[in-house]
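Morning, everyone. Please look at the screen while I walk you through one model.

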Amino acid sequence: MPADLFLTSKAKEKLELFQKIVHTKQWELPVAEQVKQTREGTAGIEKVNLRRIATLLNRNYGTIYYTYLQLLEDLRGIVGDADAPLSQLFKVKDGTLRMALVRQSVPFIFLQHLLAEDQTSFATFIDSVGVSRVTCLRYLRPMRDMGKQLEVRIVYENMQIRGDETRLRVFLTLVYWLATDGAEWPFAACSQQQTKAVVTRLMHEFDLNYRSPVLREVLGYYIAVTRTRIGRGHRLHSPVQLALGKVPNLFADDGALTHQEQVSESQHLYLINFLLPLPYAVNDPEIQPMISKFRSFSPDSYAFAKRFLQNLPNAVLTPEQLAGPLGALLELSLLAVVMSVSALGFDLGSQIAYGFNQQVMKAPKDGELQLLIQRTVKTTMQTVLTKPLSSLTAPLTRAIYANFSQLRRYMNPAKVVRVALLIEPVALGFIDLVTFIEQLPFVEVLYDHYEEADLIIEDSSLELELPASAAPLIFRWDMNASSDLFGELFSVIHSLQQEKFSE
């Protein structure tokens, strides 16, 4: 989850305390025992050491104790038993607890009114939630800022949301998912079962296969938002400017819509559902069939994507990296970017990623990459006859940069984590460690000058002679490493990686 838009600081403290208590119990056990207890359903919490939890959280014991008492009241309310033992209370899922806290929050109540359009007075809303205007505005600011990313404007005084209808629906879907995290169906105007039936029909009519239940649920949210917005009179009038072929009319039973509106709504729904569930693994068998579909829908987008990758400088990605399965996945991703910008005016995928992932949002700007992408877009425009795309140089550059900046961080990072392996010459004994290290594209293994490493992995007790200027981290390895040790090693490397990204 990203930084929470819906919880007050006190609610966040209760959720953090709950998660820390549960995780601390898990950390006390070896990973193998954790797996065993989870499979057998025997994991449980009988007693909580609050002093230890306070130390781990670096918080005052009295404050933690007070928060703990409030947390227990919330958990008892969820299980519906005032006398429930700890073992029962801490079996509550953290998503269930979080949703109970979100349901009471000012932003979530505001969001419900925003979608239902059943409240037009901000002053009345403030009175209903029992906070001051200043406090209310502070709670709502993160949601409003997120809307600006999609060029959606939240108007407080009239309790309205304004902007391009497709952007607006994507924004509402995103924010609702951030609110619930999938723990609870939040739409009063559309039942979950009815929406699941629409998703099933949509999959059949559009010949699409959503293998992930998470994906089906997110798309269900979009359909619920769409149906609710249409019910409030907000409709899409213009057809999609792409050769989508004959799209089934999924709104034929809605007599309130004109035929043109039914066609437009169906086309936009098809496009959203086609662009969203892209493969993300290089060996996904759906990659090539989807590239073929993209090519038939938009030859211009296909020609642009192919030539763009050919023109891409080695400083971004090398020909070797673009070859094979990775190149096909990048081609598909780029096709989705180009088609999304062409049809919607923005890139659906990157907007969602930047909304969900705080690490993505906080990544430092890469001025060199921005310039390289801009030049490649312009060069490609000059060499490919793409009249429909000729006016989209600026939004295409922004969207492609948003995607490639994250890829480059991991595939061709400006700064890598330098790792030295000081282990005994027993290759087979460390094959698991070496394979693990070499699979990380942001790691460089040093074969000499180990004192220049950021991290030294050592299997012996030999005291290392390091110059005073060198300060690498030393990680003690064991040839018979458990899963726990691999997890600890990755945590250390990941922390060093994040430090370098932020430099």
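At what angle do α1 and α3 pack, and how far apart are their axes? The angle is about 110 degrees, and the axes lie 11 Å apart. Angles of 65 to 115 degrees count as roughly perpendicular, so that is the word for α1 and α3. One caution before we go on: this is a predicted model.

Who makes that contact? From α1 come Glu 16, Leu 17, Lys 20, Ile 21 and Thr 24. From α3 come Arg 52, Ile 53, Leu 56 and Leu 57. Sort the residues of this contact by class, and you get 5 nonpolar, 1 polar and 3 charged.

Next topic: salt bridges. How many salt bridges does the structure hold? The count is 17. I will show you three of them, then a network.

Start with Arg 59 and Glu 13. Their side chains meet in a salt bridge, at 3.7 Å from N to O. This pair links distant parts of the chain, with the two positions 46 residues apart in sequence numbering. Glu 13 belongs to helix α1, residues 9–27. Arg 59 sits in the loop between α3 (50–57) and α4 (61–79). Are these two buried or exposed? The cut-off for buried is under 20% relative accessible area, and for exposed it is over 50%. Arg 59 has 26%, so it counts as partly exposed. Glu 13 has 22%, so it is partly exposed as well.

Now move to helix α4. Here Arg 76 forms a salt bridge with Glu 73, and the closest N and O atoms are 2.9 Å apart. Both residues lie in α4, 3 residues apart, which is about one turn of the helix. Arg 76 has a relative accessible area of 24%, so it is partly exposed.

Third pair: Arg 169 and Glu 165. Their side chains meet at 2.9 Å, N to O. Both lie in helix α10, residues 165–180. They are 4 residues apart, again about one turn of the helix. What about accessibility? Arg 169 has a relative accessible area of 1%, so it is buried. Glu 165 has 11%, so it counts as buried too.

Which residues join Arg 169 and Glu 165 in a network of salt bridges? They are Glu 117, Arg 229, Arg 232 and Glu 265.

On to the strands. Strands of a sheet pair through backbone hydrogen bonds, either parallel or antiparallel. In what order do the 4 strands of the open sheet come? The order is β4-β3-β5-β6, and the pairing is parallel. At the edges are β4 (443–446) and β6 (473–476), each pairing on one side only. Neighbouring strands of this sheet are turned against each other by 30 degrees on average, direction ignored.

Look at one pairing in detail. Strand β3, residues 417–422, runs parallel to strand β5, residues 455–458, and 4 bridges join them. Leu 421 stands opposite Ile 457 in β5.

Last stop: Lys 36. You will find it in helix α2, residues 31–40. Its relative accessible area is 41%, so Lys 36 is partly exposed. How far is Lys 36 from Gln 119, in sequence and in space? They are 83 residues apart in sequence, and 51 Å apart in space, C-alpha to C-alpha.

That's my tour. Thanks for listening.

Notes. Residues are numbered from 1 along each chain as its sequence is written. This is a predicted model: local features need pLDDT of at least 70, side-chain atom pairs count only at pLDDT 80 or more; totals for chains, interfaces and linings use all residues. Side-chain values use heavy atoms; hydrogens and water are left out. A salt bridge is a side-chain nitrogen of Lys or Arg within 4 Å of a carboxyl oxygen of Asp or Glu. Buried means under 20% relative accessible area, exposed over 50%, partly exposed in between (1.4 Å probe, protein chains only). Two strands pair if DSSP finds at least two bridges between them. Axes are lines fitted to C-alpha atoms, for helices over the stretch in contact, and angles run from 0 to 180 degrees between N-to-C directions. Angles under 35 degrees count as roughly parallel, over 145 as roughly antiparallel, 65 to 115 as roughly perpendicular and the rest as oblique. Contact means heavy atoms within 4.5 Å. Ala, Val, Leu, Ile, Met, Phe, Trp, Tyr, Cys and Pro count as nonpolar, Asp, Glu, Lys and Arg as charged, and the others, Gly among them, as polar.
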